[in-house]
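Trainee: I would be grateful for a close look at a single helix and its surroundings. Please explain how its buried side is arranged and what lies against it.

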Amino acid sequence: MKHITRTGIMGGTFNPIHFGHLLLAETAYQQFGLDEVLIMPTKNPYYKNLTNTATESDRVNMVRLAIEDNDHFRFSDVELERDGTTYTVETLRNLTQTHPDHRYFFIMGADSLYHIESWKEPEEIFKMAVILVAGRDGGSSSSLKSQIAYIMNKYDADIRLLESPVLEISSHDLRRRVREKESIRYLLPERVREYIYEHGIYKERD
Ligand code: NAP
C-alpha cells in the first residue's frame, strides 16, 4: 500500500516566533501522529502591516534558529517564493499538486478559526487539509466547540481539537517588551532572543 506522509503546516507571520507557536506545532505532531511539521513563514499577509523593524529575512532567520534542534520540524519557504499576497488556499493547492502522497494538517490557534470564513476560498482549504485548532484556554471553551461544529456543518470540514497547554505569549507583547526594555527571557528560544538583540529588532514602535 502506498505510504501517505502526514504533514502538519504551522504557518505564521512569526514576528517573532515564540514558544506558543513551537508548542502548538509539537503538540500537533504528537497528538495526531504526524511525520513532520512544516514551519512556514508568510510572505506578505494582506491583513497585517509589517512596518516595524523585523524584515522578512529577520523573520526567516529567527524561524530557522528556533527549529534547528527539532528534527521533525522542517522550514518551508513555499510562501516566500511566491510574489504578492499570501493566501493559504494557494499554498495548499501548490502543495497538494506537487505532493499528492501527503495528507496536510493545517495547525492554527482559535482566533484564526473565528476568522477563517473571511480567508480566500475557505471551502477549498477544507477540501485540501484537516484543520487542527487549539484554544488559548486549552481548547475546551464552549464557544470554540460551537465554532468548530458550525464550520464542520457548513463546509463539511474536518476540524480536530488540539489539546495543547496554553502559553499566554504573543508576538505583539514580545515586540512591546523589547521596545520597553522588559525581559523576553523564557518566552522564546534563547537563540532567537540573542538574534533580536544582536540585530536591534523591535526597538521602534510597531
Ligand atoms: P501568527 O500571528 O504568527 O500566529 C501563528 C499561529 O499561532 C496562529 O494560528 C495563532 O493563533 C497561533 N498562536 C500565536 N500565539 C499562540 C500561543 N501563545 N498559543 C497558541 N497559539 C498561538 O500568524 P498569523 O498571521 O495569524 O497567520 C497564521 C496562518 O494563517 C498563516 O499561515 C497565514 O498565511 C494564514 N492566514 C491566511 C489567510 C488567507 O489565506 N486569507 C488569512 C489570515 C491568515 P491565533 O489565530 O489564535 O492568534
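Mentor: A residue is called buried when its relative accessible area is under 20%. The model is predicted, and the part to examine is helix α8, which spans residues 190-198. Within α8, the buried residues are V192, R193, Y195 and I196. Viewed down the axis of α8, these buried residues fall within an arc of 160°, so they line one face of the helix. An α-helix has 3.6 residues a turn, so residues three or four places apart point the same way. The buried residues of α8 pack against two other helices, α2 and α7.

I196 deserves particular attention. Apart from neighbours within four places in sequence, I196 is in contact with P16, M62, V178, I184, L188, I201 and Y202. I196 also belongs to the largest nonpolar core, a set of 38 residues, where I196 is listed with I17, V37, I39 and M62 as having the most contacts inside the core. The elements giving two or more residues to this core include α8 itself, the helices α1 (19-31), α2 (56-67) and α7 (171-179), and the strands β2 (36-41), β3 (73-75), β4 (102-109) and β5 (129-134). A second core, separate from this one, has 25 residues, among them V89, M128, I151 and A157.

Finally, the residue after the helix: α8 is followed by G200, whose phi is positive, near 60°. To summarise, the buried residues of α8 line one face of the helix and pack against α2 and α7.

How values were computed
Residues are numbered from 1 along each chain as its sequence is written. This is a predicted model: local features need pLDDT of at least 70, side-chain atom pairs count only at pLDDT 80 or more; totals for chains, interfaces and linings use all residues. Side-chain values use heavy atoms; hydrogens and water are left out. A nonpolar core is a set of buried Ala, Val, Leu, Ile, Met, Phe, Trp, Tyr and Cys residues joined through side-chain atoms within 4.5 Å. Buried means under 20% relative accessible area, exposed over 50%, partly exposed in between (1.4 Å probe, protein chains only). Helices (H or I, at least four residues) and strands (E, at least two) are DSSP runs, numbered from the N terminus. Contact means heavy atoms within 4.5 Å. The arc is that of the directions from the helix axis to the C-beta atoms.
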